[in-house]
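Good morning. I will go through one structure today, place by place. Please have the sequence and the model open.

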Amino acid sequence: MDDFVLRPVMAALDKVEFDKSSADEALAEVQRRGKPTHPGVSRFAEHATRMYLASHQQRDDTMRPVREFWVAQRITTSVVWELYGWGRRYESTDGRLREFRFLRLGAVDSRDRDPAEIALAAYAAAFGAPAAWPDPWSQPFSPSGRAGAERVRVVDVGLLDGSTVQCFDGTADEVEEYFAEHGRRQVSTIVAGSDAVPGSGCASCKRVTVCDGPVRTPGLLGLEASQGPLRTVSISGLRYYRKCPAQAYLRSVHLPRAYEYSAEAELGQAVHAWLEAAHEAQLVPCGRDDLPALGSSWFAGKWYVAAGDLADAGIRMLAHHVEVCPFREAPEIDSVQVEPRLTFADTTARAIVLARPDLVYREAGQWVWRELKTTQKAPESFGDPLRKFPQLALGVAVLAAGGLGPGGAGRVELEILRPTGAEIVLIDPTDDERVETARAVLREWAAAWRADHSFEARAGRNCRWCPVSLWCPSYPGPDGNGKDHPSGAASATAAES
């Protein structure tokens, strides 16, 4: 399946704008002849196409679409420098005004678009010449025709609701000034190159096989050799897959989703954010004096907890964390990483595995991987923690494989915070039995996901809480009793990009 969600949208818009097809004809043609897509992506593509066209009709209809890219090109004896933007392009009939439009999967916000992106797009529009996409793609563009425009607009379009924000409107001289302030340094950074920043984009990178960014850990997921396409996964993604393969897939391609946090989940996020900020100080143990007073509202990162029972429960959890904070009486700690974004390449399973433990650090030369869980439930017996919490199994497998760099495999910790107390569960990643169990758990969780090529929906009760149900053709709607989505009717439309 084609994972690039905007490809069918762009193809349909091309047919409408350049071939004069109707929206229905364009969407049907793309569905029939385009690359195969997940049914949920097809539904989103139809919605996005119609939202864009409705938004376009409200704008200046004297502008005509431009098929070619605007490419600012400079050729030296050894290098061809090219600058262009990916999006929709329009110009006035006399060519004096050009408009570049970014496409965003969700709704737009004037604060979201990076000024460097705006500067690069504006510069290409203001000073570039038209050029078709090169074939093969490794060849340089061949610009021809009129270069540049007197005036440039840059617009952001939200495909969720057709919302638009004008990011820039100015003359060519003003583009030069804006580019000098916001874009030139970005171009210099790109040209100079930098250290690899591995992450979710590794699976689609053409250089991933020779890049030393993702840590190579063959066999990490415990799977046999796979011949399938390189994929990206995390423990969270595997949790979603167990609930519904379609939900996992639609999340993975970043379709807009409804707000999905309950009040209890928001509290857990707030506690995590509080401790993340506290631990950023590194090696400074958490103290009770820094905590908000019982009975008060409090903030942590982007999370706000209003005064009341939930706020007090969170404050009590934080107070109990003080008792088990890893930086208390631990003078031999170094290499502290708070919620690091770790990327591993399981070359056997052909998978890019993403992990974001709450804390990793080295203590007396041994790596420690700590995960945090908040709950208001009474203490329970949950059997083997590796099976209950597969993120612990991933931690064990990573430490056993030496995936964190120089240093030994110390321990994996689970910190459980309740309003009534704190508990630490320890797991030894040098114990062969624990390592084998961890790999068996990961294999059990990942095998079906790795073998799946269709990601069909698993309709059921979970559909009522699914944040991407808006795009799922299998969504059955409200339950048989006529009860609506528990988070309210707005959940079907209030989405986040």
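I start with Pro136, which sits in the loop between β6 (129–131) and β7 (151–158). The peptide bond leading from Asp135 into Pro136 is cis, and its omega is near 5 degrees. Most peptide bonds are trans, and most residues other than glycine have a negative phi.

Before going on, a word on what we are looking at. This is a predicted model. Across the chain the mean pLDDT is 89, and 94% of the residues reach 70 or more. Which elements mark the two ends of the range? Helix α12, residues 390–400, has the highest mean pLDDT, at 97, and strand β21, residues 495–496, has the lowest, at 34. Over residues 480–497 pLDDT stays under 50, although the model has 26 contacts beyond four places in sequence for that stretch. Where pLDDT is low, the predicted coordinates should not be read in detail.

Back to the backbone, with two residues that have a positive phi. Arg350 is not a glycine, yet its phi is near 50 degrees. Arg350 belongs to the loop between β15 (342–346) and β16 (351–355). With a relative accessibility of 33%, Arg350 counts as partly exposed.

The other one is Phe455. Its phi is also positive, near 50 degrees, and this residue is not a glycine either. You will find Phe455 in the loop between α13 (432–451) and β21. Is Phe455 buried or exposed? Phe455 is buried, because its relative accessible area is 6%, and buried means under 20%.

Next, a pair that is distant in sequence. Gly201 and Ile352 are separated by 151 residues along the chain, while their C-alpha atoms are 9.3 Å apart in space. Gly201 is in the loop between α6 and β9 (215–216). Its relative accessibility is 43%, so Gly201 counts as partly exposed.

Now the open spaces, beginning with a pocket. The second largest pocket has a volume of about 730 Å³. Its lining is made of 23 residues, and those nearest the centre are Ala72, Trp81, Glu82, Leu83 and Val187. Which elements supply at least two residues each to this lining? They are β2 (69–75), β3 (80–83), α4 (115–127) and α6 (184–192). Helix α6 gives the largest share, five residues. By residue type, the lining of this pocket has 16 nonpolar, four polar and three charged members.

Then the closed spaces. How many cavities of 30 Å³ or more turn up in a search of the whole structure? The search finds four. The largest cavity has a volume of about 130 Å³. It is lined by 14 residues, with Cys244, Gln247, Cys463, Cys466 and Cys472 closest to its centre. That lining divides into ten nonpolar residues, three polar and one charged.

One of those central residues, Gln247, deserves its own stop. Gln247 is part of helix α8, residues 245–252. Gln247 has a relative accessible area of 6%, so it counts as buried. Apart from neighbours within four places in sequence, its contacts are Tyr240, Cys466, Pro467 and Val468. Cys466 therefore appears twice here: as a contact of Gln247, which is itself buried, and among the residues closest to the centre of the largest cavity.

The second largest cavity has a volume of about 100 Å³. Its lining includes His272, His279, His321, Asp358, Arg370 and Glu415. Two elements give two or more residues to this lining, namely α9 (263–279) and β18 (366–374). Helix α9 gives the most, with four. Here the division is four nonpolar, three polar and five charged residues.

Last, the nonpolar cores. The largest has 75 residues, and within it Trp369 and Leu404 touch the most other members. A second core, separate from that one, has 30 residues, including Cys286, Ala313, Ala330 and Val338. Val338 also lines the second largest cavity.

To recap two places worth finding on your screens: the cis bond from Asp135 to Pro136, and Gln247 in helix α8. Leave residues 480–497, where pLDDT stays under 50, out of any detailed reading, because where pLDDT is low the predicted coordinates should not be read in detail.

Note on methods. Residues numbered from 1 in each chain as written. Predicted model: local features only at pLDDT ≥ 70, side-chain atom pairs only at ≥ 80, totals over all residues. Heavy atoms only, no water. 1 Å grid on protein atoms, 1.4 Å probe; cavity = no way out; pocket = protein on both sides within 12 Å on 5 of 7 lines; lining within 4 Å. Points joined across faces, edges and corners; volume = space filled by probe spheres on them. Nonpolar A, V, L, I, M, F, W, Y, C, P; charged D, E, K, R; others polar. Core = buried A, V, L, I, M, F, W, Y, C linked by side-chain atoms within 4.5 Å. Buried < 20%, exposed > 50% of the residue type's maximum accessible area, 1.4 Å probe, protein only. Contact = heavy atoms within 4.5 Å. pLDDT = per-residue confidence, 0-100.
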